[in-house]
Amino acid sequence: MFIIIGLGNPGLKYAGTRHNIGFDIIDALAKKHKIRVRSLKHKSIMGKGSIYGHKVFLVKPLTYMNLSGESVRRIIDYYHIDEKNELIVIADDISLPTGQIRMRKKGSDGGHNGLKSIIQHFGHNDFIRMKIGVGDKPAGHDLAGHVLSHFTGSDKKIMRECTENAVAAIETILEDGLDKAMNKYNQKIKDPK
């Protein structure tokens with residue numbers, strides 16, 4: 001069993017923002033594999049289903065980004081999964097060019113408050129994470145304003161392709177393991193800016 005968690009903020013005002021790319025990828029996975037993500041449990045909205053024969057839970061925490069660990073900890077404890085091997089967390093990353101995917105077996109929070117909250121609740125940083133590049137903030141702009149902004153122009157097309165690749169990367173993790181997924185999808189892309 002795998003629990004796949006996309007980080008984001010609940011509410012229409014945050015829908016489609018850079019910070020909510022984790023929610024968007026969960027939605028894309030759910031649509032492709034016909035999983036209904038509608039159950040309200042563990043401070044999250046969840047859906048249970050199967051991806052290529054693997055039992056999965058798709059999760060969008062409703063705690064807001066900075067408190068993501070509360071929801072994630074509850075889910076891990078309730079389902080008794082091994083968070084080091086059966087949890088995948090998807091988060092935005094401003095240090096990566098728009099559309100770049102970077103997966104890791106473990107690592108620091110990289111300044112991301114959602115990952116920081118999860119690490120605090122686990123007491124360790126040993127879990128699979130998929131970071132999605134949303135581009136760095138433009139000079140002179142506010143960080144919060146940047147991550148809560150929507151993709152525009154060519155970035156929209158880049159992110160549609162990135163979302164498809166992220167879904168394929170998660171499928172590869174389930175079918176063939178993280179190493180194969182990292183080798184295939186952790187490719188560097190050139191930041192067009």
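Start by selecting His42, which takes a positive phi near 55° in the hairpin of strands S2 and S3, where two residues stand between the strands. Keep in mind throughout the tour that the model is predicted.

Widen the selection to the two strands themselves: S2 covers residues 39-41 and S3 covers residues 44-51, and they pair in the antiparallel sense over three bridges. To see one of these pairings, pick Ser39, whose bridge partner in S3 is Met46.

Next, follow S3 onward to Tyr52, which takes a positive phi near 50° in the hairpin of S3 and S4, again with two residues between the strands. Adding strand S4 (residues 54-61) to the view brings up its antiparallel pairing with S3, which runs over eight bridges. Within this pairing, select Gly47 and look across to Leu58, its bridge partner in S4.

From the strands, turn to the aromatic rings, and select Phe57, Tyr78 and Tyr79 together, since these residues form one aromatic cluster. The count of aromatic pairs in the model comes to four. In one of them, the rings of Tyr78 and Tyr79 have their centres 4.8 Å apart and their planes at 80°, and the pair is therefore edge-to-face, the angle being over 60 degrees. Are the two tyrosines of this pair, Tyr78 and Tyr79, buried or exposed? Tyr78 counts as exposed, at 52% relative accessibility, whereas Tyr79 is buried, with a relative accessible area of 18%.

Now move to Phe122 and Phe127, whose ring centres lie 5.6 Å apart with the planes at 90°, so that this pair, too, is edge-to-face. Phe122 is buried, with a relative accessible area of 10%, and Phe127 also counts as buried, at 0% relative accessibility. Keep Phe127 on display and add Arg129, which lies over the face of the Phe127 ring, at 4.2 Å from the ring centre.

For the last stop, select Lys131, which is found in strand S7 (residues 128-133). With a relative accessible area of 14%, Lys131 falls under the 20% cut-off and is therefore buried. Which residues is Lys131 in contact with, once its neighbours within four places in sequence are left aside? Display Ala91, Asp93, Leu96, Gln100, Ile101 and Arg102, and then add Ser108, Asp109, Gly110 and Leu115, to see the residues in contact with Lys131 on that basis.

How values were computed
Residues are numbered from 1 along each chain as its sequence is written. This is a predicted model: local features need pLDDT of at least 70, side-chain atom pairs count only at pLDDT 80 or more; totals for chains, interfaces and linings use all residues. Side-chain values use heavy atoms; hydrogens and water are left out. Two strands pair if DSSP finds at least two bridges between them. Helices (H or I, at least four residues) and strands (E, at least two) are DSSP runs, numbered from the N terminus. Rings of Phe, Tyr and Trp (its six-membered ring) pair if their centres lie within 6.5 Å; planes under 30 degrees apart count as stacked, over 60 as edge-to-face and the rest as tilted. Buried means under 20% relative accessible area, exposed over 50%, partly exposed in between (1.4 Å probe, protein chains only). A charge sits over a ring if NZ of Lys or CZ of Arg is within 6 Å of the ring centre and within 35 degrees of the ring normal. Contact means heavy atoms within 4.5 Å.
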